Amino acid sequence: MKNYALDIAVKMFTSPAPMDFEEQINTWMSDKPNVLVIGLDVTSSYDSANSRLEYAAILAYQTSEQNAS
C-alpha cells in the first residue's frame with residue numbers, strides 16, 4: 001500500500017501587491033504543469049508597522065509528478 005502523505009509538500013507565497021502575488025503563483029504553477037494541487041489557502045492581513053496589506057497563500061501539492069499521457 002502506498003503512503004500518499006509522503007508525497008505532499010507545501011509552498012508559501014507572500015507579497016504586498018495582489019498582482020505580484022498572482023504572478024508568483026502563476027509562474028510557479030506553469031513551471032510545474034503536472035503537479036496536482038490538493039489545497040490552497042489565501043489570506044490577507046494588515047501590517048500596521050508599514051501601513052499596508054500583505055497577502056499570503058499556502059499551497060499544498062503532491063510532489064510525485066507524473067508525465068502527461
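**Close-ups of a β-α-β-β chain**

Buried residues account for 22% of the 69 residues in this chain, which is shown here as a predicted model.

**View 1. The overall layout runs β-α-β-β along the sequence**. There is one helix here, along with three strands. Of the contacts with a separation of 6 or more, 59% link residues 24 or more positions apart. As for the outside, the chain exposes about 5100 Å², with carbon and sulfur atoms supplying 53% of that area.

**View 2. Ten residues make up the largest nonpolar core**. The members are Ala-9, Phe-13, Phe-21, Ile-25, Trp-28, Val-35, Tyr-55, Ala-57, Leu-59 and Tyr-61. Strand E1 (8–15), helix H1 (18–31) and strand E3 (52–62) each chip in at least two of them. E3 gives the largest share, with four residues. As a bit of background, nonpolar side chains in soluble globular proteins tend to be buried together.

**View 3. Zooming in on Ile-25, one of the core residues**. Set aside the neighbours within four places in sequence, and Ile-25 is in contact with Phe-13 and Ala-57. Both of these partners belong to the largest nonpolar core too.

**View 4. E1 meets E3 in an antiparallel pairing**. Eight bridges hold the count for this pair of strands. To find your way around, look for Ile-8, which stands opposite Gln-62 in E3.

**View 5. E3 also pairs with E2, again antiparallel**. Strand E2 covers residues 36–47, and eleven bridges join E2 to E3. Here Asp-47 is a handy landmark, standing opposite Arg-52 in E3. The two strands form a hairpin with four residues between them. Have a look at Ser-51 in that turn: its phi is positive, at about 50°.

**View 6. Ile-8, Leu-36 and Ile-38 make a nonpolar patch on the surface**. The patch comes to about 270 Å². Ile-38 sits in strand E2. Why does Ile-38 count as partly exposed? Its relative accessibility is 48%, and the partly exposed class lies between the under 20% of buried residues and the over 50% of exposed ones. Ile-8, another patch member, is the residue opposite Gln-62 from View 4.

How values were computed. Residues are numbered from 1 along each chain as its sequence is written. This is a predicted model: local features need pLDDT of at least 70, side-chain atom pairs count only at pLDDT 80 or more; totals for chains, interfaces and linings use all residues. Side-chain values use heavy atoms; hydrogens and water are left out. A nonpolar core is a set of buried Ala, Val, Leu, Ile, Met, Phe, Trp, Tyr and Cys residues joined through side-chain atoms within 4.5 Å. Buried means under 20% relative accessible area, exposed over 50%, partly exposed in between (1.4 Å probe, protein chains only). Contact means heavy atoms within 4.5 Å. Two strands pair if DSSP finds at least two bridges between them. Accessible areas come from the Shrake-Rupley method with a 1.4 Å probe; for residues, only the protein chains shown count as cover. Patches are made of residues with over 30% relative accessible area and no salt bridge: like charges are joined within 9 Å, nonpolar side chains (Val, Leu, Ile, Met, Phe, Trp, Tyr) within 5 Å. A salt bridge is a side-chain nitrogen of Lys or Arg within 4 Å of a carboxyl oxygen of Asp or Glu.
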